[in-house]
Amino acid sequence: MPKVKDLKNILNILSILILLLQLSCAQNKKRENIIVASAGKVESLDPAQANTLRALQILSALGDTLYKINNVGNLSPSLAKDLPKVSKDGLRIDIPLKENISFHDGSIFNAEAMKFSLDRFMSIGTLNYLLQDKIEDVEVKDEFLLSIKLKKPSSSIKSLLTSVNLTPVSPNSYLNYIDKFNNYNFVGTGPYFLESFNATQQIIKPFNNYWGEKPLNKGIDFVNYNNSTTLFGAIKTKEVDVLISNSIDDMQRVALNNMVNKEKLNSGEGAPIEIGYITFKSNKLPLKNKIIRKALSYTIDRELISQQVSFGTRAPLRSIVPPQLHKKVFSPWPKYKPNFARNFLKKAGYCDANILSIPLTFRSNVPADKLLALTWKDQIKRDLADCMKISLNGVESTTVYKQLSEGAFEAVILDWTAAYPDPEAYLTPLLSCSKIKNNTCLKGEAVFSGSFWGDNELQELLEKSEELEGESRLNALTKVEEIAAKGNPYLPIWLVKPKAWSLKDISKPEFSSNGLIILKNLERN
Amino acid sequence: MSSKKELFKYILSRLALLPIMLWIISSLVFILLRIAPGDPVDAILGNRANELARESLRIKLGLNKPLINQYIEYLNNLIHGNLGISLNTQEPVKVIISKALPASIELAIFAILISSIVGYLIGFLGAIRPGTKIDFFGRILGIGTYAIPPFWAAMLIQIIFAVLLGWFPIGGRLPPGMSSPPSVTGFLLLDSILNKNFEIFFSSFKHLILPSITLGLLLSGIFSRSLRLNLEDILKKDYIEAARSRGINKSRILFKHALPNTLLPILTIMGLTVSSLIGGALLIEITFSWPGIAIGLQEAINQRDYPVVQGIVVIISSLVVMISVAIDIAIAYIDPRVSY
């Protein structure tokens with residue numbers, strides 16, 4: 001009997017302890033700030049250094065860009081007063097700036113400040129090569145007139161000016177950071193100012209002197225969790241208000257979507273900007289053989305893969321540019337036709353006794369890649385076992401990126417998200433090549449992409465498109481993609497839309513064209 | 001006196017080995033990181049940066065120097081207590097470690113506390129009452145905690161107690177929106193007491209419960225098994241039998257004669273466990289989003305941030321080596337049979 005009594009006492013003490021802890025729980029209090037959760041630490045808030053989605057998300061709320069671009073690639077002024085004026089020879093762009101805009105430290109935003117920010121980015125920015133290739137010099141023509149001198153005509157430079165990385169910073173606050181990063185602070189012109197920063201939590205508050213529309217909330221707390229299950233649990237238990245979709249497993253995306261259908265959550269999604277694709281190494285046999293690459297383009301059942309891997313949340317894709325950017329329905333890659341594939345493989349000398357073996361590499365730390373690889377392998381086994389087989393090889397992503405340009409992978413699953421919504425931002429990084437020999441790229445972006453595929457006509461068109469504007473530019477880029485689809489150095493698989501879920505008492509998340517949540521529009525009802 | 005002198009000599013010899021071990025470990029880490037595929041320049045710039053950008057970053061980071069020069073510079077800095085600067089964030093490695101290590105140590109201390117209480121209690125009861133339900137439970141616990149994958153156990157505990165029951169927070173060290181108190185020691189519990197902020201104290205304590213219970217329970221099996229086996233063995237020894245035959249009280253035999261003799265193997269196991277926990281329990285830290293040293297190390301490896309990886313490994317190794325030496329010395333001091 002005393003033992004039972006002891007046990008009861010222990011249980012009583014434990015219950016009281018748990019009760020006390022529950023009472024101490026801060027989350028029961030009515031929250032003022034909106035808590036936004038996502039995966040990944042923020043190690044730097046310096047626009048010259050930031051490169052993770054989470055860091056860019058915060059920067060987009062702390063700073064403004066010269067221009068904004070909508071989902072179909074149309075430019076509108078933000079810090080700029082008007083659209084850029086391009087000189088006749090295409091080598092100079094004049095940008096008039098808005099007046100009466102101040103930085104969070106009270107200093108004035110003007111052409112000097114913008115020049116300071118662009119020069120600083122070109123000097124120390126980790127992605128400075130994006131500008132260095134295009135910009136010769138940045139000049140101040142007037143207090144509110146900036147002039148950019150280009151190395152060669154570039155129609156894509158305007159889209160580049162919408163990049164969050166080029167948000168201006170206050171010269172006053174960054175005087176000691178001209179040649180080094182200011183990782184833990186940010187002083188810009190945006191609707192929010194940074195209240196506190198550490199790697200796992202960042203708090204931003206509305207900036208009272210903001211020149212534009214004021215935020216609809218009283219502040220945002222960004223928190224990070226390391227894995228999908230914790231992120232999922234955090235919104236389910238209402239520990240956080242908004243959940244951003246990066247790093248959420250497909251299974252949990254479906255569960256969250258079901259909660260939306262049952263009206264337990266709100267959700268919002270942006271225009272798709274991430275593409276998933278397979279790169280074929282085209283400078284060595286067997287994939288050097290154009291017929292085999294063509295055969296492979298018919299082998300993939302994208303609908304099946306989309307269902308099996310993502311329960312339909314990743315839309316099948318037959319282009320390497322998100323379709324909305326072409327402003328028309330455009331899918332140059334062929335549909336799944338195993339019989340066509342068999343015929344091409346027979347033409348290349350395979351099938352029956354001679355089975356083509358393709359080693360497919362996937363990034364072992366990306367669950368969707370692994371599922372895609374497994375599904376495609378089984379689908380080939382089901383449909384084309386007499387002609388080809390796929391062997392799988394999982395490699396950690398950092399190693400994949402390093403070895404890609406060394407030609408280590410015959411076929412490898414990758415993804416790409418452009419820095420700004422423009423077809424050029426997808427085509428150039430995958431296809432551009434400065435030295436081509438017999439359809440093999442020896443130097444250029446196609447080498448870094450691991451395809452080693454080049455085409456002179458394509459390259460000419462790509463370069464020519466930089467001198468064109470409007471519809472003629474789009475047509476040139478469409479033609480570029482058509483040529484790529486004929487050469488088949490890549491096999492587009494799916495399109496991923498940025499998505500976010502919010503609690504019912506928070507407004508539906510809205511996205512900008514670059515896949516980032518518009519934080520100032522989040523509102524607690 | 002001569003025995004004390006010999007012990008002193010033994011301690012000196014163990015301490016003299018310390019820098020040699022650290023040199024071997026740090027050199028191995030240096031070499032292995034350079035051999036491993038992957039490049040910090042790729043991790044920072046992405047694989048699409050042009051050659052000029054890559055080369056200028058390589059020069060800026062000092063990665064263009066011959067490997068031997070990099071090695072000498074690294075050793076020289078290490079001797080002077082300089083762990084270097086992170087390639088990725090340009091933050092001193094010392095600062096990165098000082099932020100993450102207290103979180104891991106805090107978790108380790110609580111986990112060891114829980115595992116000791118649970119494990120030793122069950123092991124003790126199992127040994128003095130062999131064949132009873134508690135003994136059976138102890139055996140199951142011993143096998144179970146060995147067999148269950150830590151991440152699975154952690155996820156299960158997280159789903160039940162945080163998601164379904166909502167008793168505890170899902171992860172992290174503090175609730176979202178709550179800022180850490182000014183850092184004095186880096187240990188949140190301690191810092192919140194020092195800053196007299198009891199809201200943070202209770203919140204951080206609550207965040208500590210699930211990860212430390214998970215880790216503690218997973219470790220309790222080995223503690224329970226080791227105590228049970230050792231105690232059972234000792235209880236069969238002749239000197240215990242002799243004590244019983246002299247009519248010495250049962251609890252006196254147990255606590256005065258038997259238990260102290262189980263101390264040596266337990267001390268060794270505990271030392272090894274503490275050592276391994278200081279390096280962080282990666283899967284537990286990942287599952288509960290605990291911002292400890294193991295997550296820091298994993299991220300640094302993914303980014304090929306050489307100085308951070310080297311710094312963390314050297315610090316962890318130093319702590320592990322020092323703990324091992326301390327345990328060796330303690331054992332040598334306690335057990336007269338150990339020859340120095």
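Which helix of chain A lies across β6 and β7 of chain A? Let's find out together, selecting one piece at a time. Keep in mind that this model is predicted.

**Stop 1: a four-stranded sheet in chain A**

Select helix α3 of chain A, residues 111-124. This is the helix that lies across β6 and β7 of chain A, and it runs at about 165° to β6(A). Now show the strands around it. Four strands form an open sheet in the order β4-β5-β7-β6, with antiparallel pairing. Colour β4 (85-86) and β6 (135-142) of chain A: these are the edge strands, and each pairs on one side only.

Next, add β7(A), residues 145-150. Six bridges join β6(A) to β7(A), and the two run antiparallel. To look at one bridge yourself, click on Val138(A), then on its bridge partner in β7(A), Ile148(A).

**Stop 2: a six-stranded sheet in chain A**

Stay in chain A and look for another open sheet, this time of six strands in the order β14-β20-β13-β17-β15-β16. Its pairing is mixed. Which strands stand at the edges? Select β14 (315-316) and β16 (388-395) of chain A. Each has a single partner strand, so one side of each is left without a neighbour in the sheet.

Zoom in on β14(A) and add β20(A), residues 490-496. Two bridges join these antiparallel strands. Label Ala315(A) and you will find Leu495(A) of β20(A) standing opposite.

**Stop 3: the domains of chain A**

Zoom out and colour chain A by its domain assignment: domain 1 (34-38 + 190-271 + 498-521), domain 2 (64-171) and domain 3 (274-496). The centres of domain 1 and domain 3 of chain A are separated by 33 Å, taken over C-alpha atoms. Where these two touch, domain 1 of chain A gives eight residues and domain 3 of chain A gives 10. On the domain 1 side, there are two nonpolar, three polar and three charged residues.

**Stop 4: the domains of chain B**

Move to chain B and colour domain 1 (1-88 + 306-340) and domain 2 (94-108 + 153-212 + 226-302). Their centres lie 26 Å apart, again over C-alpha atoms. Each of the two domains puts 17 residues into the contact. What kinds of residue does domain 1 of chain B bring to that contact? The count is 13 nonpolar, three polar and one charged.

**Stop 5: two helices and a residue in chain B**

Select α5(B), residues 93-128, together with α9(B), residues 198-235. These helices pack at an angle of about 35°, with their axes 5 Å apart. Turn the view to follow how α5(B) passes α9(B): the crossing is right-handed. The contact between them has 19 nonpolar, 10 polar and four charged residues.

While you are in α5(B), click on Ile128(B), which lies in this helix. Ile128(B) is partly exposed because 18 other C-beta atoms lie within 10 Å. Then pick Gln303(B) as well: the pair is 175 residues apart in sequence and 52 Å apart in space, C-alpha to C-alpha.

**Stop 6: where the chains meet**

Finally, show both chains. Their contact takes 43 residues from chain B and 42 residues from chain A. On the chain B side, α2 (40-45), α3 (51-61), α7 (150-164), α9 (198-235), α12 (282-287) and α13 (293-302) each supply at least two residues. Colour that side by class to see 20 nonpolar, 16 polar and seven charged residues.

Definitions and conventions:
Residues numbered from 1 in each chain as written. Chains lettered and ligands numbered in written order. Predicted model: local features only at pLDDT ≥ 70, side-chain atom pairs only at ≥ 80, totals over all residues. Buried ≥ 20, exposed ≤ 12 C-beta atoms within 10 Å, placed from the backbone. Domains from an automatic or database assignment. Contact = placed C-beta atoms within 7 Å. Nonpolar A, V, L, I, M, F, W, Y, C, P; charged D, E, K, R; others polar. Pairing = 2+ DSSP bridges. Axes fitted to C-alpha atoms, helices over the stretch in contact; angles between N-to-C directions. Left-handed = near helix turned anticlockwise from the far one by under 90°.
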